[in-house]
Amino acid sequence: MPTRQILWNITAVGPILLYSLMVVPFIFIAFGLARRARMWRVGRPEDRFDHMPARLWNAFVMSVLHGRIERRRNRFGGTMHLLIFWGFIALFVGTTIVMIQADVVTPFFHLNFYQGDFYLGFKAAMNLAGLALIVGVLLALYRRYVRRPATQDTTGDDLVILSFLLVLSIQGFVLQALRLAVTQDPWAAWSFVSYPLALALRGLSPDLLRAIHAVNWYGHFGTTTVFLSYVAYSKMVHPFTSVANVVFRRLKPRGALEPIPNIEEAETFGLGKLEDFSWAQLMSVDACMHCGRCLEYCPTFNTGKPLRPRDLVLEITGYLADRGDIFSGELGEGENSARYRWGAGPDRELVPGVVSEAELWDCTTCGACMEQCPVYIEHVPLIVGMRRNLVLERGEFPDEVTNVFNNLERLGSVYQFPPDQRDAWTRKLDRPVRRMAEAAAAGEEVEVLFFVGCLGSFDTRNQRTTLALARILQAAGINFAILGKEETCNGDPARRIGNEYLAQMMAQQTVETLNQYSFKKIVTACPHCFNALRNEYPQIGGSYEVVHHSQLLDQLIAEGRIRLDPNSALARGKVTYHDPCYLGRYNGVYDAPRGVIGALPGVELTEMRRNRNRSFCCGGGGGRLFMEETRGTRINQARVREAMNTGAELLAAACPFCMTMFEDGIHGVGAEEQFRVLDIAEIVAGSLAVADGQAAPEPPAPAS
Amino acid sequence: MRCNATILSIGAAVIGIAVVVVSEVAGISWARIIGIGLISLGGIGVGIASGLGDERPGRWLGRLRDARVALGVALTIVMVVPVAAALVGAVVGFFSAVGSGLNPAVVSGGGLIALLMLAAAVGSVWISVRAIRRAASPATAAAPSEVPAGEERG
């Protein structure tokens, strides 16, 4: 019957050494992990133990099934990791099965399941697993040495790990081949990789083969011992830390930043030192395995700015290692690796000693890094947390932001306009727009509260979007009203810039205003307002049904409440659509704007290379709209060029921040004559079919 | 408390090793898994107790860290030499195996696999030694990025 002798050709010294020396990797792994856990415990408490079944299931899907690792745009890297992961796991399980047979089933039950068909299938499966591991490692080396994606920084640690895996799997095959060359099992062909090797080895004498086998057996177990001892001090710790981070990831809406609780009495603000992080945040930076996915769609990395989300995380990881006396295996070789290597010293200030101010202020908070990260590291809350510390404890922020803060405090707007001009745009409409106060005074409930936002209220270009949306609402016969002079900034810019105190003040004021009135839902054309109202206001008692204007327009078109003119000059030709970060990535609204554009007869929607959750930021989020872009190339121009490369003549936007950035970008690349940007509300308003007796809607003006 | 845990863990590991030795020498095969369990628990216990402790890692770990380059290079060579020797043996043996009545296609396949694996094993030594030696350069003081990363990559 097909089987083999376990520990063939090995004397009693072999198992004694094998099992006795097992204590070494166990000590090293446990010490390394405990040392890390000790540093995580430096952080603040945070409850991440809710919904455990869902958390565990998600971790299974993401790790074992490679949910976020294997993606359409990452087939090569994803498949490579899948081969290594499954090859390694299968071999580990296989070794455990052999151990169970040898040390449990045989001595206790005197049975042998390691024979017959099971044995033959097992041998084939183990050969397949070993082959998968070798192929995966070779693909990884090819990727690092030949393909060399710009997002990948190769460190010594990466190469040492790959070498370990390669040598271990080769050793396994060679050991098997040496045994088969001597025993000449008739079923040896089931070991389809080792068998041909065994035939080649048959040219050597059996005694020599036995001697080589014995030496290689000790070599294999020695290599395994060293490898396992190294695991917790290298990036191979990620099967522990990354899975832990997936289990304990934040389950709240990604668009909702955590507020500083009880800010009036707080003694520290934001993240100024490791003790200010939560334990889960410290664990999350330790979970980074340097894959560089976060860089793929990062606007700052792709336009040559200092901020690289991966490196920012690794800088903190290196600092954590130094503070915790963790012998990190990050050997460092890549162009930036010196910055995040352990050994740079524990006596550093977080900013600027570990993370530079340039890195913090360049972030647009677009969330592309978080969307791509396979292990759910949340970079943006870390960056905003460090910004909070700079702004609130040190009073350090870019000069350009001073006016924004002053305007918000004095006028309730990011712009220097008095509140009584907030509804001045309504005078350009043929029909009046009701104020919520008027409706309330009349005792009427309003169907839709139109939250206009600062840019839609005061910025000349974005006022055109506001007017277009108001005309559509009027044309659809929707009972809507605005807050008018009572509206103030929702606090989003202040919050993303790091002025949490001001942000909470603005948000509280808005909630108090909104809670006075009766309405069914809020509509806004600004994804930043949309995100704040929808995801962050519930934190302070403001729970409302909030829709973005693209969702409302999509619904109105679907219900036939507005009709589009097939002869409209606007509704023709190729149009490309830009996904605003705070609408798409943060809130998952991708289809509604496309539904609106698709409903326009004669329009051909052509997608940019980077679209939907892989969209490329306009460069205006995170308060960047109000700051100078002094480093690298211009993000908005990069995106405009990408839009123009689709062959479209019109860029459809759905965000006033994006609109401002793109208008500037179109000027910047000198494409005013052949390319323009319009909000989807402008396109729809310009394409409205005119009912009998109604005036034609005002067409959008050309880009200025 | 932690001191007790360390002592208990060391004790468990030592007893576990003794049990394994006895099981092998006296042929008590059922005792081996007990020994393995004690060794595992002992090792994990020692690691956790010392890892969670406030004291800095012992001097031995510092020495290990200081000697990491020499250790790494030596271990790499020691680990790969036996397997490389076996693969050289397979390449040499291939020539005598050809014509010995074995399936020539499979034997040739074996020779090819041996050559490829030899190249991979030697290559991995080259890669590892280079990587480890590069790591010999001292860690620089932190200099967070202020320099732009480069032009737009698209």
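Begin by selecting the contact between the two chains of this predicted model, to which chain B contributes 77 residues and chain A contributes 84 residues. On the side of chain B that touches chain A, pick out α1 (2–26), α2 (31–52), α3 (59–66), α4 (68–97) and α5 (104–134), each of which supplies at least two residues. If you colour that side of chain B by residue class, you will find 48 nonpolar, 20 polar and nine charged residues.

Next, keep α5 of chain B in view and add helix α7 of chain A, residues 194–201, whose axis comes within 7 Å of the axis of α5(B) and crosses it at roughly 95°. Because of that angle, α7(A) counts as roughly perpendicular to α5(B). To see what meets there, select A:P196, A:L197, A:L199 and A:A200 on α7(A), together with B:V106, B:V107, B:G109, B:G110, B:G111, B:I113 and B:A114 on α5(B). Taken by class, this contact holds eight nonpolar and three polar residues, with no charged ones.

Then move to the largest nonpolar core, which has 244 residues, and select the members that touch the most others, namely A:L178, A:L201, A:F450, A:I472, A:F662, B:L87 and B:A121. Helix α6 of chain A, residues 156–183, gives the most to this core, with 18 residues. Centre the view on B:A121, which, leaving aside its neighbours within four places in sequence, is in contact with A:V167 and A:I170 from chain A and with B:V80, B:V83, B:A84 and B:L87 from chain B.

Finally, zoom out to chain B as a whole, where the domain assignment gives domain 1 (2–55) and domain 2 (64–134), with C-alpha centres lying 35 Å apart.

Conventions. Residues numbered from 1 in each chain as written. Chains lettered and ligands numbered in written order. Predicted model: local features only at pLDDT ≥ 70, side-chain atom pairs only at ≥ 80, totals over all residues. Domains from an automatic or database assignment. Contact = placed C-beta atoms within 7 Å. Helix = DSSP H or I, 4+ residues; strand = E, 2+ residues; numbered from the N terminus. Nonpolar A, V, L, I, M, F, W, Y, C, P; charged D, E, K, R; others polar. Axes fitted to C-alpha atoms, helices over the stretch in contact; angles between N-to-C directions. Parallel < 35°, antiparallel > 145°, perpendicular 65-115°, else oblique. Core = buried A, V, L, I, M, F, W, Y, C linked by C-beta atoms within 7 Å. Buried ≥ 20, exposed ≤ 12 C-beta atoms within 10 Å, placed from the backbone.
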